[in-house]
Structure formats: structure tokens, C-alpha cells
Amino acid sequence: MSLLDKLIDIPENYIYLILAVILIVSTFVPIGLPVPITDQTRKYFNDIEALPPGSVILVPFDPSPGTEMEIGLSSHIVMKHLFRKDFILVFVSISLPAPPLFESTLKDENLWDKYQQYYGTRYVWLGYISGAETAAAALSSSITKTLLVDYYGNNLKDMPIFQNIEGAKDFDVVVCVNSQATLSVSWMNQWAVPYKLPLYVNPMASVAGTFWPYIEAGQMTAMLVGAKAAAGYEILYGEPGRATSGMDAQSLGHLYLIALVVISNILFQLKKSRGRD
Amino acid sequence: MAIDYLTQVQLWLGAYFLLSSWSWLWRYNRFFKITETTLIGATAGYYFVQAVKNINDIAIGGLLIGRYWQIVPLLLGITLFFRYVKSYAWIQRYGFSYLIAATSIITFRALIVTQVTQQYTAMLRSISLDNPTLIMNSLITVVFTTTVIMYFLFTEKLSSGMPGYKVINTIGRYAFLLALGYYLGITVMTRIAFILDRLQYLFFQVLQLPIV
């Protein structure tokens, strides 16, 4: 077996082992690679920053535990931003794994105790509503007719926040924190497009490609794509955190995989040309 | 930072489940199996509790304040369980047909606007001849969209006699492969982020190791 054949047939285990070594070493010894901030991240941040205090925002909150490094990180920094700006926030979920993550996100960012006194006046957590897109449609016409109580069993009609909010027509913006692309599309279909609301989404990098046509068509306003965008948002917000600290390892991991793609293509072409000889 | 006893247990349990999940890379083993079944059991239990909470808060709660019409969706929901009784399985059709009809009406009404008319308008709007970059973009959009659609619509057998078919087929195939390459790239990006998250959890939260 020639060296070329040996290189082409290198066992996968070695490839994964090298990747693991790169990720572990760069996690412990960051080298400070630059974190580029994309136009989408900048637009997302600037638009939220420009909203006047008191703007009414619907936040469909649907991350899942498995997507912590992507949706989790972007949801943490966006939640901090939304709370700091004194908006009126209505949080709701149409996916089952979300409810425990809502409280843990607020607690991790020290928002839980800080803003507890404003519960029911400035923000409310409606919890999980079954029905996916049909639930989003029902909530768009009337939240208080669809639901009687919030996640903690408080009567919605007794809450000051719902004295001036009925359905989608009373909202200014939708900020979607969803781990599944279909959920963001549901909010787009039932809220953003029919009621002409700006829609900001936080997709995983792996599904972001499916959102570009919506951004191009103006159905979605801007998106934060994965951990890289979360790192950019942290920098714009002025509080570099977990996303920024993981960027070195992520960038080096990507470089390693790009190198693998290039090397394997060269080896493949070499083998092909030798076969012809 | 001092961590209380309960959090310690939680962190170490998390580390155990994480490492046993990764042990599958070596081979399917007893530890992985325990983690797998624990995850399925915990997920099923959690989902059940959330579903009961939903029924209680929305449907039962509505009945208790006089929204008696809410008995209808409740009964339709119950019909879905008749599939487990062979002789009465036909009753489930009522629940299912309502479910499918309601969902279809709500989603299709929106889909026609968001996925068809607005997307088509946006595609036409994106065509611009203002400067060389935009001309190139427009050209790529039109050529790639058309050739990929043709690649899938017209098979070899149907269009082998069509002039220029081979060129269209090749362009369509390359355009499609470019898109797949893009998706593979961003999927890898996501997977690396997931591994990183767990590594950070293991080293910095469980073992509390310092960054150099």
C-alpha cells in the first residue's frame, strides 16, 4: 500500500482525535483570534437598541437543552439586552423543552431577582402552549381569549400588562429564540407577515441557510446565526462572555476541517490522475 | 466559588451522562444504554407533565369559568386514544380529521402569501441591472434557480433529445452541489459549537479548571 493510499484510508478515529486535541488545547489556551461582526448581527443589535422604551415585544422562547452553545448563548445576551431596555415583554413557547430553560436563562444572567418586581407589569411568561403554528395563530388574534393563566397560574386578565395588550396588532416587534427553523417560520407566517411586524430570529448555524430567502424578501428583519453571532452581539453589547471565549476553539476547529477538505480533495485528484497513468 | 452539595451532584451526574453518551464513539456499551434509557424516560415523564398542565390550564380551566364549548376539543382529543382499542379504532378518525383540517387551513392560508407570492415577488425584485455586481448576482439567481429546477423536473429519459440539456443538467448539478456544500459547512460549524459547549461544561463547570 503506497503512502497516498495510506493517507486516503486514514481511520476516522485519528481525525476525530486531532479535532478533540485542537478544541481542548484552544479552550484552555485562547490565542485571541479576531471575532468578525456580521452585518446581520450589527443590524439586529442596532435595531433593538433603537427601539424606544415601552415598545411591546413578543418573544417566542423555544430553545432546547441540546442547542445551548448556539441558541442558548444568543438567547442569554438578547434577553439581557431586552430587559435592560425597559421594553414590555411577553414570553411564550410553542415547544416543550423550553419552560425550564426560561427560568434558568434569567437566573444565569441575574435577571430573575432583579426584575421579579416587574412581573405582570413589564414582562410575563406564558409558558408552553401546544399546537405549534395553530397556537401562534390563536395568540395573534387574542392572547387573553386563548389563555386564561400564565405559566405560574396567575389570571391574565388581572395583570396590568394585559390591560393594553390583546393580540398581534398591539405589538411592535417579534424576537424569536427558536431551536427549530419551523417554529420561527410559524411566527413569521402568523404574526410578522400578516401584522407587518419586524421579526428578529436567532437560528442555529445549521438552519440559517433556510432563512436567507425570508431575509431577502423582508419577511424576517435580521438574524443572529449561532455562537459566532452571539459572540459578535456580546462585543456590541459591551459584555464579552461565554460565546466570545469559545470563538478561538471554534475558529481553529473550522480551519482544521477546511484543511481536511482541501487535503482530501488534493489526495483524491492525485489518486485519480495516477489511476489514469 | 463554593458550590452546594445538590449542585455538585447535579454537575457530576451531568458529567457522567455526557461521558457515557460519548462512549458510544468507542462502541455501544452498558453505560451508554443506561444514559439512553434515562434520557428517554425523563423526556417522556417531562412531556407528560407539560401536556397535563396544558390541558388543565387551557381546556379544563376554560370549562370551569363557563366556556362550555371547550368540551368539544377535549372530546376530540380523547377520540385519538381509541386507536389502541381495535374494535373502536374508527372513532379516532374524527379527532384526526379535525386536527388535520384545522392545521391545514391555518397554515396553508399563510403559506400561499409567505412562501409563494412574497418569495416570487422578492426574487423578481432582486433582479437588478444597476451595476456589474448586481447584474452578476441577478444572473446567478436566475441561472441557478432555473437550472436546478430543470435538473429535478426533467429526467434524462424525458429530455435527452432537448437541445442544450446536458449543459443545463451540469450547471444545475453544480449549483445544487454548491448549496449542499454550504449546508454541510454550516452544519459542521453547529456541531463543533455543540462539542465546545460540552467541553466547557466538563472542564470549567465540573472540574473547575483555570484557563491558562
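User: Which residues does A:Val59 touch, not counting those up to four places away in sequence?

Analyst: This is a predicted model. In it, A:Val59 touches A:Leu82, A:Leu89, A:Val90, A:Phe91, A:Val175 and A:Val177. A touch requires C-beta atoms within 7 Å.

User: Which members of the largest nonpolar core touch the most other members?

Analyst: A:Val59 is one of them, along with A:Ile57, A:Phe91, A:Val174, A:Val175 and A:Leu199. The core holds 85 residues. Its largest share comes from helix α4 (residues 68–84) of chain A, with seven residues. In soluble globular proteins, nonpolar side chains tend to be buried together.

User: How is chain A divided into domains?

Analyst: The assignment gives two pieces to domain 1, 3–30 and 248–276. Domain 2 covers 39–245. The C-alpha centres of the two domains lie 39 Å apart.

User: Why is A:Ala132 called partly exposed?

Analyst: A:Ala132 has 18 C-beta neighbours inside 10 Å. Buried needs 20 or more, and exposed needs 12 or fewer. The count of 18 falls in between, so A:Ala132 is partly exposed.

User: What is notable about the phi of A:Ala132?

Analyst: Phi of A:Ala132 is positive, about 50°, although A:Ala132 is not a glycine. Most residues other than glycine have a negative phi. A:Ala132 is found in the loop between β3 (123–128) and α7 (133–141) of chain A.

User: Where does B:Gln208 lie, and what is its phi?

Analyst: B:Gln208 lies in the segment after α7 of chain B. Its phi is near 50°, a positive value in a residue other than glycine.

User: Is B:Gln208 buried or exposed, and why?

Analyst: B:Gln208 has 10 C-beta neighbours inside 10 Å. The limit for exposed is 12 or fewer. The count of 10 meets that limit, so B:Gln208 is exposed.

User: What makes up chain B in terms of helices and strands?

Analyst: Chain B has seven helices and zero strands. From the N terminus on, every element in the run is α.

User: How do you know whether chain B fits the compact globule rule?

Analyst: Set the two radii of gyration side by side. A compact globule of 212 residues would have one near 17 Å, but chain B has 28 Å. Chain B does not fit the rule. Its C-alpha atoms fill a box of roughly 70 × 65 × 40 Å along the principal axes. Buried residues make up 6% of chain B. Among its contacts between residues at least 6 apart in sequence, 25% join residues at least 24 apart.

User: How do you know that the span of helix α2 of chain B agrees with its residue count?

Analyst: Helix α2 of chain B, residues 30–64, has 35 residues. At 1.5 Å a residue it should span 51 Å. Its end C-alpha atoms are 49 Å apart, which agrees.

User: Where does α2(B) bend, and by how much?

Analyst: The bend is at B:Asn56, by about 30°. The buried residues of α2(B) are B:Asp57, B:Ile58 and B:Gly62. After the helix comes B:Gly66, with a positive phi near 100°.

User: How many residues does each chain bring to the contact between chains A and B?

Analyst: Chain B brings 38 residues and chain A brings 40 residues. On the chain B side, α2, α4 (92–126) and α7 (165–206) each give two or more residues. Helix α7(B) gives the most, with 16 residues.

Note on methods: Residues are numbered from 1 along each chain as its sequence is written. Chains are lettered from A and ligands numbered from 1 in the order in which they are written. This is a predicted model: local features need pLDDT of at least 70, side-chain atom pairs count only at pLDDT 80 or more; totals for chains, interfaces and linings use all residues. Domain bounds come from an automatic or database domain assignment. Helices (H or I, at least four residues) and strands (E, at least two) are DSSP runs, numbered from the N terminus. The expected span of a helix is 1.5 Å times one less than its number of residues. The bend at a residue is the angle between axes fitted to the seven residues ending there and the seven starting there. The radius of gyration is taken over C-alpha atoms; the globule rule is 2.2 Å times the number of residues to the power 0.38. Two residues are in contact if their C-beta atoms, placed from the backbone, lie within 7 Å. A nonpolar core is a set of buried Ala, Val, Leu, Ile, Met, Phe, Trp, Tyr and Cys residues joined through C-beta atoms within 7 Å.
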